[in-house]
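Let us walk through a protein structure step by step, beginning with the whole chain and then turning to a few of its residues.

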Amino acid sequence: NRMQWVKDLGVPVELPNDIAERWRDYEEIGRSISQLEKTRDSLKADVVAAMGDYHCGLLGDGRELVVSRVNRAGYSVEPKTYVQLRARKLK
């Protein structure tokens, strides 16, 4: 567990420029994933709306799109500790 060896030395460490660039890339990828998920959800909603009350539809490329209802069992998530990174403006 990383938290077992992460110590708070009371002062921040100056990170190399390549790490700052990697963090910017990490943030940009997160924004891209978020936007792609929104676009994907919107596309799915368009398809669902186009199908209306029909159980299946022909895609025109030799495939059939089938709607099915899936029941998933509920579950509880056990508490745990994890490492969270956030960038914030210096005061």
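The model shown here is a predicted one, and a good place to enter it is through its charged contacts, since the structure holds 2 salt bridges. To see where they sit, it helps to have the plan of the chain in mind: the secondary structure of the protein comes to 1 helix and 2 strands, and, read from the N terminus on, these elements follow the order α-β-β.

One of the salt bridges belongs to the helix. Arg31 pairs with Glu28, and the closest N and O atoms of the two lie 3.1 Å apart, which counts as a salt bridge because the cut-off for such a pair is 4 Å. Both residues are part of helix H1, which covers residues 17-51, and they are 3 residues apart, a spacing of about one turn of the helix. Are these two partners buried, partly exposed or exposed? Arg31 has a relative accessibility of 49%, so it counts as partly exposed, and Glu28, at 40%, likewise counts as partly exposed.

The other salt bridge joins Asp61 to Arg63, where the closest N and O atoms are 3.0 Å apart. Asp61 is partly exposed, with a relative accessible area of 47%, whereas Arg63, with a relative accessible area of 53%, is exposed; the two fall into separate classes because exposed means over 50%.

Arg63 also leads us to the strands, for it is among the residues that Gly57 touches. Gly57 is found in strand E1, residues 56-58, and, leaving aside residues up to four places away in sequence, it is in contact with Met51, Arg63, Glu64 and Leu65. A quite separate relation is the one between Gly57 and Lys91: they are 34 residues apart in sequence, and their C-alpha atoms are 57 Å apart in space.

Strand E2, residues 64-66, includes Val66, which has a relative accessible area of 45% and is therefore partly exposed. When residues up to four places away in sequence are not counted, Val66 touches His55 and Cys56. The C-alpha atoms of Val66 and Tyr54 are separated by 8.9 Å, with their positions 12 residues apart along the chain.

With these details in place, we can step back to the protein as a whole. How does its radius of gyration stand against that of a compact globule? A compact globule of 91 residues would have a value near 12 Å, but the protein has 23 Å. Taken along the principal axes, the C-alpha atoms fill a box of roughly 60 × 35 × 25 Å.

The surface can be described in a similar way. Of the 91 residues in the protein, buried ones make up 1%, where buried means under 20% relative accessible area. The protein exposes about 9900 Å², and carbon and sulfur atoms supply 54% of that area. Finally, returning to the charges with which we began, the protein has 16 positive and 14 negative side chains, and the centres of these two sets lie 7 Å apart.

Conventions
Residues numbered from 1 in each chain as written. Predicted model: local features only at pLDDT ≥ 70, side-chain atom pairs only at ≥ 80, totals over all residues. Heavy atoms only, no water. Helix = DSSP H or I, 4+ residues; strand = E, 2+ residues; numbered from the N terminus. Rg over C-alpha atoms; globule rule 2.2 N^0.38 Å. Buried < 20%, exposed > 50% of the residue type's maximum accessible area, 1.4 Å probe, protein only. Areas by Shrake-Rupley, 256 points an atom, 1.4 Å probe, with all protein chains shown as cover. Lys, Arg positive; Asp, Glu negative; His and termini not counted. Charge placed at Lys NZ, Arg CZ, Asp CG, Glu CD. Contact = heavy atoms within 4.5 Å. Salt bridge = Lys/Arg side-chain N within 4 Å of Asp/Glu carboxyl O.
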